[in-house]
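Visitor: Please take me closely through the helix packing here, beginning with one pair and its contact residues. I would then like the surroundings of that pair, followed by whatever else helps to place it.

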Amino acid sequence: MWLPTTGPAADFAVDYLALHKAFYDRTLDPADLDAWRERQLRTVLDQVTTGSPFYARHLADVDLATITPATLDRLPFTTKTHLREEMLDVLSRPLADGVFFYETTGTTGRATPCPRDGREVVASNAHVTESWASIFRHHFGDHPPRIGLMGPTEVHSFGDTLGDIARNVGSLNAKIWPYSPVIGFAKALQLMKDLELEVVCCTPGVAMMLAKAAEHYGYRLREDFAVKLLFVTGEMCTPALARNLESVWGANVYNILYGSQEAFVIATACRNKRMHLSQTNYLIEVVDPETGASHGPRGSGELTVTMLIDGVKPLVRYRTGDAVIVEASDCDCEMAGDLVQIVGRTLDRIELGGRRFTAGQVETAVLTGVTGSGGYQVVIDHDPAAGGDRLTVRLELLKELVDDPAGVADGVRERAAAALGVPVEVELTDGLDPIVSTGAFVSWKAARIVDRRVEADHETQVAQRMAGNRGYTT
């Protein structure tokens, strides 16, 4: 594992990794974990109010002496709008203290700076290393698998972070982003085959595009590639979508981690395909997305995090915009921490037939029981004659993997109509709009939903512009 060698970050790493080891060994006394959280919260609050121009103003009216992990709801929220407006004023240490500079993609608003220092790298990567090591032991024993990393941009943390994790577990890694003008889909597939890559890390959308590209270029997924695991991240992947990807690739699919450029890795997967929160790094709150009322560290609502690592840009009560369910762990795996399910963005909720559905509920309704699919898109219309909404599911099926396309379409029609309570039709297509590949850059809703009841919103317009050069033959 990469470690800072000098200065305060090196001292932090020694203390942190001792705590981290005890956390995973289950030898950390709960009182000691509580004391760590309270001490780090105090350190972060002192740092941001003295070092960050934004937080000095934002928290000026709060008596910080009264703030503990149990009284976080006395603090105001930090939002994505704050980050876009304040930019470098959110930082509470000098930019030069960072060891990496990243920024958000900036597709739906101003790209915001996300530098990281040695403390943040060590603390965030330690949890991912535990996750990968456990899963690899489960599937490969002592053999370190070869890994293909498909990250989005040069200023995204994906390549550095997961490259570091690959080194930590002793694995070869190849960075082969198929949308790169240097790599492309044809080259990415050739490298996957020639290097006999056993693990591929990418978004669910890229995994489906790779399968379609492989069919286009004459590859046989099961015979020509050595892929045993797909590690997907970057956008929502429901169990129904994961099962479809497994049917396409003949590989185990793990929704491998959850996080963001701004807040780092918040949760990691275990060998049981469940997600565990990195609770030495964050104070977790679940809040009502409408009122902002805090339900505490567990429940159903919008995930809000307060970062406990006093790096360059710790965030206080940061509203992630993600709808989650957080529960105490009953998992028999090696990972520590509460369980979290990501059910979509709060902004991606959709009203159909007078009822509201999360992104996860819509995707589950469409893909439950579906195998061999290269992707889907949902079109929503208002039907005045029927007095309500109706759906059309555009479904792409890979020819070599589906014997009865009409039967699959009939199944989707019946199950989706029953789950969503509106009439559903299914159109089988040989090629979806390239907009479906933009989910990780913009949003699941912009990529997957064509809502003809309303004018296209800003995110949809951005996704439409991005889609023009995202085919696998360009």
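Guide: A crossing is called left-handed when the near helix is turned anticlockwise from the far one by less than a right angle, and right-handed when the turn is clockwise. The model in front of you is predicted, so local features are described only at pLDDT of at least 70 and side-chain atom pairs only at pLDDT 80 or more, while totals for chains, interfaces and linings take in all residues. Residues are numbered from 1 along each chain as its sequence is written, and side-chain values rest on heavy atoms, with hydrogens and water left out.

With that in place, α8 passes α10 in a left-handed crossing; both names follow DSSP runs numbered from the N terminus, helices being H or I over at least four residues and strands E over at least two. Helix α8 covers residues 204–216 and helix α10 covers residues 239–249, and their axes come within 11 Å of each other and cross at roughly 25° (axes are lines fitted to C-alpha atoms, for helices over the stretch in contact, with angles from 0 to 180 degrees between N-to-C directions). The two helices are therefore roughly parallel, a label for angles under 35 degrees, with over 145 roughly antiparallel, 65 to 115 roughly perpendicular and the rest oblique.

On the α8 side, the contact is made by Pro204, Ala207, Met208, Leu210 and Ala211, and these meet Leu241, Asn244, Leu245, Val248 and Trp249 of α10, where contact means heavy atoms within 4.5 Å. Taken by class, the residues of this contact are nine nonpolar, one polar and none charged (Ala, Val, Leu, Ile, Met, Phe, Trp, Tyr, Cys and Pro count as nonpolar, Asp, Glu, Lys and Arg as charged, and the others, Gly among them, as polar).

Within α8, where methionine 208 is found, this residue deserves its own description. Methionine 208 has 3% relative accessibility and so counts as buried (buried is under 20% relative accessible area, exposed over 50%, partly exposed in between, with a 1.4 Å probe and protein chains only). Apart from residues up to four places away in sequence, methionine 208 touches Leu241, Asn244 and Leu245, and also Ser373, Gly374, Gly375 and Arg448. As a reference for distance across the model, the C-alpha of methionine 208 lies 28 Å from that of leucine 303, which is 95 residues away in sequence.

Asn244, named above in α10, leads to another region, since threonine 371 is in contact with Asn244, Ser247, Leu397 and Val402 once its neighbours within four places in sequence are set aside. Threonine 371 belongs to the loop between α11 (359–367) and β15 (373–383), and at 41% relative accessibility it counts as partly exposed. Between the C-alpha atoms of threonine 371 and lysine 313, which stand 58 residues apart along the chain, the separation is 43 Å.

Two further helix pairs can be set beside the first. Helix α5 (residues 118–140) and helix α6 (residues 158–168) have axes that come within 9 Å and cross at roughly 55°, which makes α5 oblique to α6. The crossing of α5 over α6 is right-handed, and here Asn125, Val128, Thr129 and Trp132 of α5 meet Thr161, Leu162, Asp164, Ile165, Ala166 and Asn168 of α6. That contact comprises five nonpolar residues, four polar and one charged.

Helix α1 (residues 7–25) packs on helix α2 (residues 30–51) at an angle of about 145°, with the axes 12 Å apart, and their crossing is left-handed. Phe12, Tyr16, Leu19 and Phe23 of α1 make this contact with Leu33, Trp36 and Gln40 of α2, which gives six nonpolar residues, one polar and none charged.

Phe23 also appears, together with His276, Leu277, Gln279 and Ser329, among the contacts of glycine 337 beyond four places in sequence. Glycine 337 lies in the loop between β11 (318–327) and β12 (339–345) and is buried, with a relative accessible area of 15%.

Finally, two backbone details merit attention. Methionine 87, in the loop between α4 (80–86) and α5, has a positive phi of about 50° although it is not a glycine, and with a relative accessible area of 16% it is buried. Phenylalanine 264, in strand β7 (residues 264–269), likewise is not a glycine yet has a positive phi, of about 70°, and it counts as buried at 5% relative accessibility.
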